[in-house]
Amino acid sequence: MNRWAWLQKKKKQTKNGHQQVKTHGTDVFFSSSLDSNLEQLQNILGNNPDIAIRRFYINVYKVNAAVVFIKGLADKEQIHEQILKSIMLELQMRECYVKEDRATGSDIKEIIKDHVITLTDVEENNKIEDCVMEVLNGDTALLIDNVDTSLLLGTKKWPSRQIEEPITEATVRGAREGFVENILVNMSLIRKRIRDPHLVLDKYTIGRRSQTPVMVAYIKDITNDSIIQEVKKRLEKIDIDQIPESGIIEQFIEDDFLSPFPQLLTTERPDKVASGLLEGRVAILVDGTPFVLLLPVTITSMLQGPEDYYERWFVGTLIRFMRFGAAIVSLFGPSLYVALVSYHPGLIPTDLVISIAGSREGVPFPTIVEALLMEITIEILREAGVRLPKPIGQTVGIVGGLVIGEAAVTAGLVSPMMVIVVAVTAISSFSLPQYGAAIAIRILRFGMMLSAAVLGLFGIIMFAMAITIHLVKLKSFGVDYTSPFVPYQFNDWKDAILRLPYSVIKERPEMLKPKDSTRIK
Amino acid sequence: MRRIKKSIMTCCCISILFMGGCWDRIDIEDMGLACGVGVDYQESSAKRLTPEFTIQFVVPKVLAGENGGGGSQAEPFQNLTMDESSLFEAGREASTVTSRSPNYAHLKVLVISKEAAQSINLLQLLNFFFRDHEIRRTVHVLISEEKASEILSIKGTKDPVPALKLLSITENMEKKTAKMPPILSLGDFSEKMSASSSFLVQKVQKFKEGVQIIGAAVIKGNTQKMIGELNEDETFGINCITGEAKAGAVTGVDKETDKIISYEIDRLKSSIKSKVNGEDISYTVNINTEGRLSEDWIPKSDAFNEKFIRNAEKQVEREFMRLMEAGLAKTQKELKVDVAGFGESLRINQPKVWKKVKKNWEERFPEASIDINVKVKIRQFQTQGRKMNK
């Protein structure tokens with residue numbers, strides 16, 4: 001039983017314990033009186049300054065009407081041009097539509113809906129609750145006296161940032177577009193890349209209070225159904241008041257919350273999401289954040305960057321090799337140094353032993369204390385640099401790296417060799433394309449250092465074995481985390497550590513069990 | 001219940017990690033890096049022979065340089081000489097003198113004085129080195145003309161640590177010279193000792209201000225003591241027979257002009273063929289070597305002329321013969337030991353005969369007749385062919 005299932009089971013038990021009281025009673029419908037309808041809406045929406053209720057009079061039919069919308073979320077220009085202007089001015093001019101003075105409310109509604117309003121999204125709705133939801137989403141509700149339904153007019157125009165280059169995943173070659181906080185724009189960025197009718201975007205609304213739109217994207221005839229079902233099942237179980245970022249969803253649906261390894265991939269790059277979808281993965285878009293979740297993932301995807309594919313194959317392969325090396329250095333670097341220096345000096349070449357011993361002369365701490373001191377300092381520096389505005393952040397980097405490092409050496413607190421080890425480790429960990437993976441390795445590095453300090457190389461081996469055991473057990477949405485190595489899928493090796501030419505990788509990854517595996521014909 | 005059991009198990013597993021408690025931890029700067037040791041023989045009044053044990057430590061602070069600061073005249077090494085009834089005890093005794101007890105993981109050179117090697121059974125003397133787990137099997141063994149402690153205190157200017165300097169000289173054998181026998185590691189030493197076969201050890205001696213590794217000490221397999229030594233020519237000859245002379249210069253004399261011709265070995269192959277005729281064992285040694293003409297003092301020499309080259313080859317061959325005969329005369333006839341692998345050849349080619357003679361091989365060996373054929377081929381004459389003094 002994986003940890004996710006366990007957690008769900010626990011939750012179920014607690015749910016059964018406390019009888020959940022649902023506040024939703026019977027649905028309330030619109031009445032035919034405009035005043036009472038407006039009063040109801042006003043009651044629900046409250047007396048807030050961003051809620052606009054504009055009453056007006058339709059001269060031709062001699063009825064009162066009103067539009068209700070949220071300032072800022074609805075497009076004022078559209079309301080003005082396509083709704084108010086059409087009804088108040090143009091309807092009067094087009095006399096042919098005036099049948100008779102005794103037109104019924106539904107007639108008026110039909111005429112306005114079919115002949116007057118020049119918007120694409122027009123919907124009828126008779127439940128007050130639903131109407132409120134849509135208004136809060138940015139639509140405009142048109143209420144007419146003597147009509148017991150509201151017309152919901154699509155005037156959404158959410159405030160949105162310009163599309164910019166993704167900051168966390170910049171590439172030398174590749175698209176400069178990044179996702180923004182607006183889910184509508186994000187959807188269009190994906191659709192723009194996959195003009196395939198089989199691309200499905202399933203809408204969910206998560207967050208009892210925030211009502212955040214969440215989209216599950218996949219390609220109907222590629223992605224394996226079991227993955228889609230699993231994602232949907234887990235998403236439906238989320239019951240929280242607010243989803244501020246996709247990270248919340250990630251934490252709710254990941255398989256093992258005790259694992260240091262990320263079981264979903266987060267990305268700001270639409271091109272990455274598009275190629276992920278075409279490999280048979282599922283993407284989850286969340287409104288309000290540029291970070292899109294991509295799943296399932298395996299350990300190899302943690303070390304792959306989009307440029308591996310955009311560059312020619314041997315460039316991609318070599319860079320990938322380098323990255324694997326960097327990952328190993330950043331995981332084992334300081335711990336190997338600690339183990340070799342304090343337990344196995346015989347394994348270091350003699351000349352190096354002499355210079356290490358010479359440089360450690362007069363350092364008051366044992367190697368592990370020295371290593372922890374430097375590693376923690378660098379973590380603090382990194383954390384400080386991330387929060388500060390860019391120009392200051394750089395200064396902090398220089399001050400931290402040069403001044404503190406140099407001063408610590410001169411003061412005899414640490415040995416110069418340690419500074420090199422820590423610097424190389426830090427740089428290696430920066431070279432990993434996935435922030436989540438880099439963090440996992442950073443955490444594990446400390447565990448590794450401690451076990452190296454306690455048991456030397458033996459400790460390192462034990463810890464590495466523990467990590468391996470954990471990795472082999474870990475799954476991401478039914479896909480083994482260590483694929484394609486541990487469930488042995490040799491076909492996927494072409495694009496795991498190596499990135500062979502496209503003429504060789506003709507199939508989609510086997511580990512995702514796609515319905516249609518032909519990529520290249 | 002299961003959960004409690006599980007958590008107890010986990011706690012036990014974790015505590016194992018910490019109960020180990022860094023038991024082997026010793027920081028690199030807190031130990032004495034022994035890079036060379038010397039063994040001398042101390043005349044003692046007691047009945048037992050007392051070896052004198054010299055340990056050479058590196059002082060990394062001085063060697064690593066810039067961190068040392070002011071004391072530029074400080075020695076980068078420190079020699080410690082202890083005499084105790086056993087080498088092991090002497091090593092432990094060193095901890096009473098120095099704050100950093102010796103660590104032998106980086107031991108490079110073991111120097112045994114001639115006096116010790118001649119009077120003490122080496123298998124016994126070196127038992128400590130074969131046994132200790134820290135000491136590598138790759139430690140180079142040398143036998144010194146003078147006292148080992150003396151050799152270990154002669155410092156060079158470029159390689160300030162004597163032991164490391166000795167180490168790099170021994171490594172020249174493979175590239176530049178054949179006037180010393182091949183490097184003998186502690187592992188080889190123990191192997192040869194166990195097989196009771198005789199062998200050569202590089203020999204080190206004082207040379208002006210410094211040291212020189214030249215010639216060989218002969219260790220007899222039966223007695224496991226040093227029984228004699230070879231000079232540089234004899235060593236060279238034996239190296240040729242064993243095929244170990246991979247580099248080195250041979251200087252022949254031109255008969256006509258009485259001027260020298262110097263040849264540098266580039267490639268050398270030797271094959272020892274044994275032949276058994278009743279009780280008689282005879283050998284043919286074929287040496288094929290290719291190399292360069294590196295120097296000649298013959299006026300009007302012309303390397304473009306085939307005849308000159310052939311003549312030069314012949315003169316060099318003569319010199320090769322002389323060296324090898326000298327080497328054989330010394331080892332086979334005088335010292336009566338087989339250090340060039342004649343027995344091995346017999347073992348491979350005539351195993352039945354070898355089984356019979358194995359026991360008293362070194363008594364039989366001096367009677368064996370040995371034929372030597374040398375074939376020298378001068379492949380190139382480098383950048384000058386003809387002297388232009390017409």
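A residue is called buried when its relative accessible area is under 20%, exposed when it is over 50%, and partly exposed in between (1.4 Å probe, protein chains only). Keep that in hand for the exercises below. This is a predicted model, in which local features need pLDDT of at least 70, side-chain atom pairs count only at pLDDT 80 or more, and totals for chains, interfaces and linings use all residues. Residues are numbered from 1 along each chain as its sequence is written, chains are lettered from A and ligands numbered from 1 in the order in which they are written, and side-chain values use heavy atoms, with hydrogens and water left out.

**Exercise 1. Describe chain B as a whole.**

Step 1: start with burial. Of the 390 residues in chain B, 48% are buried.

Step 2: take the dimensions. The C-alpha trace spans about 95 × 65 × 60 Å along its principal axes.

Step 3: look at secondary structure. Chain B has 14 helices and 13 strands; helices (H or I, at least four residues) and strands (E, at least two) are DSSP runs, numbered from the N terminus.

Step 4: turn to contacts, meaning heavy atoms within 4.5 Å. Among contacts in chain B between residues at least 6 apart in sequence, 69% join residues at least 24 apart.

**Exercise 2. Find the surroundings of A303(B).**

Step 1: locate the residue. A303(B) sits in the loop between strand 12 (280-296) and helix 11 (306-335) of chain B.

Step 2: classify it. With a relative accessible area of 6%, A303(B) is buried, because that value is under 20%.

Step 3: list its partners. Leaving aside neighbours within four places in sequence, A303(B) is in contact with F308(B), I309(B), F381(B) and G385(B).

Step 4: set sequence beside space. A303(B) and S274(B) are 29 residues apart in sequence, and their C-alpha atoms are 38 Å apart.

**Exercise 3. Is S150(A) buried or exposed, and which residues does S150(A) touch?**

Step 1: S150(A) belongs to strand 5 (residues 150-153) of chain A.

Step 2: its relative accessible area is 0%, so S150(A) is buried.

Step 3: not counting residues up to four places away in sequence, S150(A) touches F30(A), E123(A), E124(A), N125(A), C131(A), L142(A) and L143(A).

**Exercise 4. Why do C11(B) and C12(B) not form a disulfide?**

Step 1: recall the chemistry. A disulfide is a covalent bond between the sulfur atoms of two cysteines.

Step 2: apply the cut-off. A disulfide here is a pair of cysteine sulfur atoms within 2.5 Å. The closest cysteine sulfur to that of C11(B) is in C12(B), 7.0 Å away, so the two are too far apart for a bond.

Step 3: check the rest. A search of the whole structure finds 0 disulfides over all chains.

Step 4: add the exposure. C11(B) is exposed at 52% relative accessible area, while C12(B) is partly exposed at 40%.

**Exercise 5. Pick out some backbone exceptions.**

Step 1: know the usual pattern. Most residues other than glycine have a negative phi, and most peptide bonds are trans.

Step 2: look for cis bonds. The bond from L295(A) to P296(A) is cis, with omega near -10°, and P296(A) lies in the loop between strand 10 (292-295) and helix 10 (307-310) of chain A. The bond from S483(A) to P484(A) is also cis, with omega near 0°.

Step 3: look for positive phi. K336(B) is not a glycine, yet its phi is about 60°; K336(B) lies in the loop between helix 11 and helix 12 (342-349) of chain B.
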